Amino acid sequence: MAAKEVKVPDIGDYKNVDVIEVNVKPGDSIQAEDPIVTLETDKATMEVPAPFAGVVKDVKVKEGSKVSEGDLLITVEAEGEAATEDKAEAPAEPKAEEKAVEKTEEAPKAEKKPAASGGTQEVKVPDIGDYKNVDIIEVNVSVGDTVTKEQPLITLETDKATMEVPSPADGKVKDIKVKEGGKVSQGDVILTLEGSGGTEAPAAKAETPEEQPAAAKEEKAPAPAEKPAEQKEAAPSADADADLYASPSVRRLVREFDLDVSKITASGRKGRLTKEDVQSYVKNAMQSGGAVTSGGASLGLLPDPIVDFAKFGEVETQPLSRIKKISGANLARNWVRVPHIFFFEDADITDLEAFRAAKKQEAEKAGVKLTPVPFLVKAVAKALTKFPNVNSSLSADGQNQVLKKYVHVGVAVDTPNGLMVPVIRDADKKSILEIGADLMALIQKARDGKLSGADMQGGCFTISSLGGIGTTGFTPIVNMPEVAILGVSKAAMKPVYDESTGGFVARLMMPLSLSVDHRVVDGAEAGQFIVAVAKYLSDLKEILL
Ligand code: CAO
């Protein structure tokens with residue numbers, strides 16, 4: 001028996017993909033095609049199958065890790081000679097699955113025009129690779145529902161991946177042609193959508209075979225092993241999470257709300273957890289004031305108030321943007337899970353402002369709008385190098401502290417769709433003008449809705465500046481897994497006591513607030529940190545020391 005490495009195969013353009021399940025442990029006997037790990041992008045979950053049979057020797061990833069193509073997953077003592085290195089490195093199935101999913105995203109996007117006011121358009125199954133007669137495991141909408149573009153309409157499942165077909169446009173569901181348990185292939189009509197405005201929608205062009213040629217490469221991929229989805233729930237497991245059988249959107253819901261899935265009864269076909277299961281579980285738990293999350297004892301909260309606002313006057317109900325839904329769930333978790341403490345300090349930026357005013361035109365020539373924010377990023381980066389504890393995170397199990405040797409600073413950006421936090425990398429090594437240039441590019445991308453996942457990953461600390469808007473102070477919520485966030489308010493002239501003259505002088509003071517995770521940062525250290533940031537801003541020379 002020889003120990004062989006099993007690595008992440010080609011998963012398309014995705015990098016740092018979430019490992020949401022690890023299905024094996026050291027000592028497990030596995031067969032070829034057994035799922036080793038489950039990966040999840042924002043549109044699909046996919047299993048990486050074992051390329052050969054053997055005994056798992058070592059597992060190199062864990063739930064919550066992020067992986068990219070070529071990363072080592074496990075080592076296996078392979079049985080027999082049949083297992084070749086080639087197979088070990090590149091089982092091709094996930095590639096085919098992911099490509100199919102990418103196409104499900106692309107195809108509806110081509111149907112840009114909404115259906116006419118009162119007119120309808122047929123929504124068809126887009127290119128899903130070579131798969132035919134794919135199981136519909138979930139129909140996410142009902143007749144009469146108002147849907148928004150990109151909202152999942154149905155969930156399909158092959159033997160290796162689940163994928164959602166998103167709505168190509170805003171509209172109202174007029175007629176549904178499929179049902180849960182049915183099977184579909186590319187081009188089959190899913191539903192008809194009644195548009196909310198615009199001109200008559202063209203036929204679903206992007207879904208015609210001429211415009212969506214079958215991916216030739218996928219023909220090279222070995223046919224997925226005949227392994228019916230039923231096997232997923234056939235094997236009982238002590239860990240209910242590890243066997244979660246649900247669509248990507250339901251998995252996401254479970255994770256966003258940090259639910260204990262072992263307590264939720266799955267009512268879907270073959271034991272699949274449906275969105276309704278999760279919703280009714282949360283509703284029941286809230287009504288009974290019970291805990292719904294997996295991370296702690298009951299908070300004993302009252303259920304949320306349910307109010308018919310229309311009884312009190314005219315109202316208009318609008319769906320929350322996707323970003324608001326995602327960030328809302330994250331903020332709620334961070335607020336409940338992180339024991340916050342808050343610190344306040346005013347930075348005297350009188351000299352900084354004089355310097356900034358003097359350099360503004362020069363910066364503009366270099367294409368940089370020199371606001372106070374690049375200076376704040378630089379001051380924070382310096383402080384993070386001085387206070388490594390603030391530049392750290394708790395490990396996922398809460399047992400270790402991860403100290404970061406890099407300094408990547410996130411800046412909260414207000415966008416039409418909600419708050420986003422792009423990250424300026426290696427801010428400690430960059431000049432203020434370089435930081436300004438990075439910042440401008442990221443703000444533009446954020447407001448154009450073009451930030452990539454990579455632009456928002458890896459932050460060590462966040463700055464939330466409302467200085468351009470106003471406010472005299474606020475307490476931002478720590479952006480987990482970071483352990484601190486700086487809130488910046490509008491600088492104002494204030495009388496400051498001058499010990500040397502015994503009188504008051506007018507100085508430009510910028511209010512700073514620091515929120516920290518008290519599990520990691522003690523009060524004294526947090527105080528020193530915010531005082532240091534204020535000192536660097538008050539005297540830029542301090543940054544050089
Ligand atoms: N005090 C006084 N003036 C300030 C200031 C401060 N603290 N910060 C910025 N300004 C000034 C700028 O200099 C600029 O004026 P000039 O054009 O005369 O130089 C003006 O305010 C507008 O700045 P801006 O907001 O366009 O740009 P910015 O670099 O200051 O901020 C960004 C960029 C992305 C941080 C900001 O636009 C933004 O989106 N902030 C919102 C953050 C947010 O919503 N946080 C959530 C709070 S809860 O966590």
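Select helix α4 (residues 248-256), which lies across β2, β4 (35-40), β5 (44-49), β10 (134-139), β12 (152-157) and β13 (161-166), running at about 95 degrees to β13; helices (H or I, at least four residues) and strands (E, at least two) are DSSP runs numbered from the N terminus, contact means heavy atoms within 4.5 Å, and axes are lines fitted to C-alpha atoms, for helices over the stretch in contact, with angles from 0 to 180 degrees between N-to-C directions. The model is predicted, with local features needing pLDDT of at least 70 and side-chain atom pairs pLDDT 80 or more, while totals for chains, interfaces and linings use all residues. Residues are numbered from 1 along each chain as its sequence is written, and side-chain values use heavy atoms, without hydrogens and water.

Next, select the sheet, an open one whose eight strands follow the order β7-β2-β4-β5-β13-β12-β10-β15 with antiparallel pairing, where two strands pair if DSSP finds at least two bridges between them. Because β7 (66-67) and β15 (183-184) stand at the edges with a single partner strand each, one side of each is left without a neighbour in the sheet. At the β7 edge, strand β2 (residues 17-22) pairs with β7 over two bridges, and V17 stands opposite V67.

Then move to T371, V373, S465, G467 and G468, which lie nearest the centre of the second largest pocket among its 32 lining residues; a pocket is an open set of points on a 1 Å grid over the protein atoms alone, where a 1.4 Å probe fits, with protein on both sides within 12 Å along at least five of seven lines, and lining residues have an atom within 4 Å of a point. Finally, select α9 (432-447), which gives the most to this lining, with six residues.
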